[in-house]
Amino acid sequence: MEPQEERETQVAAWLKKIFGDHPIPQYEVNPRTTEILHHLSERNRVRDRDVYLVIEDLKQKASEYKSEGATFSQRHGCFSVSSVLSSTIRETGKIKATDYTFEEKIGVLFRLNAESISCSSEN
């Protein structure tokens, strides 16, 4: 394929991925629009990769914090983050963080804070 045709194919595939089941808006297919959309698709791909790396880093940190929290809990007899999260999952039926509304996430934070305060006042 020629570079222009290859870019048009890449742009079409990217737009299909972005819009999913929704129809792709009509646009004039010419070298200029193809170049602009190709540039956007490349920037989007790089951003997606960067976001993926940040998410993986946060998952790793969360795992480390959970482990440290369990160790702290065993040493000091306080709450564990996993118990708060488990009770939240039982109450809401939601597992992934993206399933929670902003208000539910704040509620979990308040619950964690309240339990940490009660734990520190006991010791």
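# Exercises on a four-helix model

Q4 is partly exposed, with a relative accessible area of 28%. The model in which this value was computed is predicted.

**Exercise 1. Place Q4 in the fold and list its contacts beyond four places in sequence.**

Solution.
- Step 1, location: Q4 belongs to helix α1.
- Step 2, class: a relative accessible area of 28% is neither under 20% nor over 50%, so the residue falls in the partly exposed class.
- Step 3, contacts: once residues up to four places away in sequence are set aside, Q4 touches N30, P31 and T34.
- Step 4, distance: for Q4 and P31, a separation of 27 residues in sequence goes with 7.2 Å between their C-alpha atoms.

**Exercise 2. Decide whether T34 and L37 are buried or exposed, and find their contact partners.**

Solution.
- Step 1, location: T34 is part of helix α2, and L37 also lies in helix α2.
- Step 2, class of T34: the relative accessible area is 2%, and T34 is buried.
- Step 3, class of L37: here the value is 16%, and L37 is buried. Both assignments follow because the limit for buried is under 20%.
- Step 4, partners of T34: leaving out residues up to four places away in sequence, T34 touches Q4, R7, E8, V11 and V29.
- Step 5, partners of L37: with neighbours within four places excluded, L37 is in contact with V11, W14, L15 and Y27. V11 appears among the partners of T34 and among those of L37.
- Step 6, distance: L37 and V11 are 26 residues apart in sequence, and their C-alpha atoms are 6.3 Å apart.

**Exercise 3. Analyse the salt bridge between E35 and R7.**

Solution.
- Step 1, principle: side chains of opposite charge can pair when their charged atoms come close.
- Step 2, criterion: the closest N and O atoms of E35 and R7 are 2.2 Å apart, and the pair therefore meets the limit of within 4 Å.
- Step 3, sequence context: E35 sits in helix α2 (residues 31-76) and R7 in helix α1 (residues 3-19), so the bridge ties together parts that are 28 residues apart in sequence.
- Step 4, exposure: E35 is partly exposed at 38% relative accessible area. R7 is partly exposed as well, at 30%.

**Exercise 4. How many salt bridges does the rule give, and which residues are joined into one network?**

Solution.
- Step 1, total: the count comes to seven salt bridges.
- Step 2, a pair within one helix: E56 and K59 form a salt bridge with an N to O distance of 3.5 Å. The two residues lie in helix α2, three residues apart, about one turn of the helix. E56 counts as partly exposed, with 30% relative accessibility.
- Step 3, network: K17, R47 and D48 are joined into one network by salt bridges that share partners.
- Step 4, one bridge of D48: the side chains of D48 and R47 meet at 3.2 Å, N to O.
- Step 5, exposure: D48 is partly exposed at 30% relative accessibility, and R47 is partly exposed at 49%. The value for R47 stays in this class because exposed requires over 50%.

**Exercise 5. Identify the nonpolar surface patch that contains I24.**

Solution.
- Step 1, members: I24, Y27 and V29 make up the patch.
- Step 2, area: together they have about 240 Å² of accessible area.
- Step 3, position of I24: the residue is in the loop between α1 and α2.
- Step 4, eligibility: I24 is partly exposed at 36% relative accessibility, so it passes the limit of over 30% for patch residues.
- Step 5, whole-protein surface: the accessible surface of the protein is about 9800 Å², and carbon and sulfur atoms hold 58% of it.

**Exercise 6. Summarise the fold and state where confidence is lowest and where it is highest.**

Solution.
- Step 1, elements: there are four helices and zero strands, in the order α-α-α-α from the N terminus.
- Step 2, burial: of the 123 residues, 15% count as buried.
- Step 3, long-range contacts: among contacts with a separation of 6 or more, 49% come from residues 24 or more positions apart.
- Step 4, overall confidence: the average pLDDT is 75, and 58% of the residues score at least 70.
- Step 5, extremes: confidence is lowest in helix α3 (residues 81-92), with a mean of 52, and highest in α1, at 93.
- Step 6, reading: where pLDDT is low, the predicted coordinates should not be read in detail.

Methods: Residues are numbered from 1 along each chain as its sequence is written. This is a predicted model: local features need pLDDT of at least 70, side-chain atom pairs count only at pLDDT 80 or more; totals for chains, interfaces and linings use all residues. Side-chain values use heavy atoms; hydrogens and water are left out. Buried means under 20% relative accessible area, exposed over 50%, partly exposed in between (1.4 Å probe, protein chains only). pLDDT is the predictor's confidence in each residue, from 0 to 100. Contact means heavy atoms within 4.5 Å. Accessible areas come from the Shrake-Rupley method with a 1.4 Å probe; for residues, only the protein chains shown count as cover. Patches are made of residues with over 30% relative accessible area and no salt bridge: like charges are joined within 9 Å, nonpolar side chains (Val, Leu, Ile, Met, Phe, Trp, Tyr) within 5 Å.
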